[in-house]
Amino acid sequence: MKILTFTGKTPSEALKKAKLDINYSQMIHIDTKEIQKKSLGREAVYEIIMGLENDSAFNSYQNVKQTTKDERSVTQKSTDVLFDISSAARQISKIADVKDPLYDYQEPKQQSLIEPKELKEIKSEISKLGDKIKIIQNMFWDERAPNLESQIPSEFAEIYRLAYQSGMNKEHVDTIMSMTLEHMPYKMRENSSTVKRYFQTLLRKMVPVRLESVPSGGSKKVIMLVGPTGVGKTTSVAKLAARYSYLMEKKYKVGLVVLDTYRIGAVEQLMQYARMMKLAIETVVDPPEFATALDSLKHCDYILIDTMGSSPYDRKKIEKIYECLDGSDIKHSVDVVLVMPSSIKYEDLIATYENFSSLSIDTLMFTKLDETRGFGNIFSLAYETKKPISYFSVGQEVPEDLVCASSDFLVECLLNGFNRGKA
């Protein structure tokens, strides 16, 4: 019997190498053991011992081993390729005395004998190696390049994948990618980092945002929050009330109007907030009462209106809200804010917008940003409807978890994920 050994970072990797080298059915598994313990800066190594029962099988193994070596290097999965490149990068890092956090390589610093110019060249090569790793990773991504007139360069694969997987509408991704390929200077295409920065800048310019403004010259702001059931309208009204009355440079007078008489709990919740913040509050049952409620709060700088939650397809409830707006004497000064959760897909967001559009939506507000990982759907809705975003709700805390909308914040979430510390 001929004995053969195969090694790998895991038993499965070693076994995989054995299967690649020769017909596995002709082998006998003898033993698997760990020959090198994993430690700081050093990978574990496992060895699998296989046996070949006859000489003909061993001779066949010797003959095919060399001819299959090059083929395996091409067909090997991305983990093997990345490991080889990373090893080369680690060796260059040692020469240049550059610490790579992936390996936590620690060694007493020695006086570098490399001239500054040479050191700069080596660091440049390390940067290129890192970029090549990203390119190889994206080569194995399941979603291939879109059907554009020109093929997407490999340096653009990472940013395309991030945008598409964020939930952004595919047509929007392809359109923006085409614009990027058309207008981006060639000098900036050298690596994926500069591509990502350019793409990030482009997205920021495409997000419509309405900056927060305050009443002036004795005027007042009337803001009505509308949207589906359970999106957090009542909590958002409380956050806005606390912001306007306590958190801004000037403490404004705030009044509340409740149209949501369908849910007793919602009325009680908002009344509790009103008592805590010492705010005036009015309850409206029928549309004719709406104008009266607004008139009783005419001394306020801000009037915030909480409406009943409604399915986007329940036209009767939406029409009742419209009747309130249509019957009020100050209907043209009511700022209608459509509140939607960020955790639903783009197709549902656009359907919600279309069904509430009869209320003449002025701005968009998105809630539950802390409950999702994809933010491309928000971008696509704002981009498609051209309606500006006014606020983001990033949690349940009142009034802390409210963020004035900015294109920087949304694009940061889209490409890098939600970070409460940056909210």
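Let's start inside the protein, at Gln200: this residue is buried, because its relative accessible area is 12% and buried means under 20%. Keep in mind that you're looking at a predicted model. If you want to find Gln200, follow the chain to helix H7, which covers residues 192-206. Now look at what surrounds the residue. Leaving aside residues up to four places away in sequence, Gln200 touches Val411, Glu412, Leu415 and Asn416.

Contacts between distant parts of the sequence come up across the whole chain, too. Take the contacts with a separation of 6 or more: 70% of them are between residues 24 or more positions apart.

Let's step back for a moment and take in the whole thing. The chain has 423 residues, and 45% of them count as buried. Its secondary structure comes to 14 helices and eleven strands. As for the outside, the accessible surface adds up to about 23400 Å², and carbon and sulfur atoms hold 49% of that.

Next, pick out three of the strands. They form an open, antiparallel sheet, and the order across it is E1-E3-E2. Strand E1 (2-8) and E2 sit at the edges with a single partner strand each, so one side of each has no neighbour in the sheet. Going from one strand to the next, the twist averages 20 degrees. Zoom in on E2 and its partner E3 (residues 45-52): these two pair in the antiparallel sense over eight bridges. You can spot one facing pair by looking for Glu34, which stands opposite Tyr46 in E3.

While you're at strand E2, which spans residues 27-36, find Ile30. Is Ile30 buried or partly exposed? With a relative accessible area of 43%, Ile30 is partly exposed, because that value falls between the 20% limit for buried and the 50% limit for exposed. Ile30 also has company out there: together with Ile3 and Ile28, Ile30 forms a nonpolar patch on the surface, and the three share about 240 Å² of accessible area.

For contrast, finish with helix H13, residues 376-385. This helix is mostly covered, with nine of its ten residues buried. The buried ones are a mixed bunch to look up: they include Gly376, Asn377, Ile378, Phe379 and Ser380. Further along H13, Leu381, Ala382, Tyr383 and Thr385 are among the buried residues as well. Then, just after H13, check the backbone at Lys386, where phi is positive, at about 65 degrees.

How values were computed:
Residues are numbered from 1 along each chain as its sequence is written. This is a predicted model: local features need pLDDT of at least 70, side-chain atom pairs count only at pLDDT 80 or more; totals for chains, interfaces and linings use all residues. Side-chain values use heavy atoms; hydrogens and water are left out. Patches are made of residues with over 30% relative accessible area and no salt bridge: like charges are joined within 9 Å, nonpolar side chains (Val, Leu, Ile, Met, Phe, Trp, Tyr) within 5 Å. Accessible areas come from the Shrake-Rupley method with a 1.4 Å probe; for residues, only the protein chains shown count as cover. A salt bridge is a side-chain nitrogen of Lys or Arg within 4 Å of a carboxyl oxygen of Asp or Glu. Helices (H or I, at least four residues) and strands (E, at least two) are DSSP runs, numbered from the N terminus. Buried means under 20% relative accessible area, exposed over 50%, partly exposed in between (1.4 Å probe, protein chains only). Two strands pair if DSSP finds at least two bridges between them. Axes are lines fitted to C-alpha atoms, for helices over the stretch in contact, and angles run from 0 to 180 degrees between N-to-C directions. Contact means heavy atoms within 4.5 Å.
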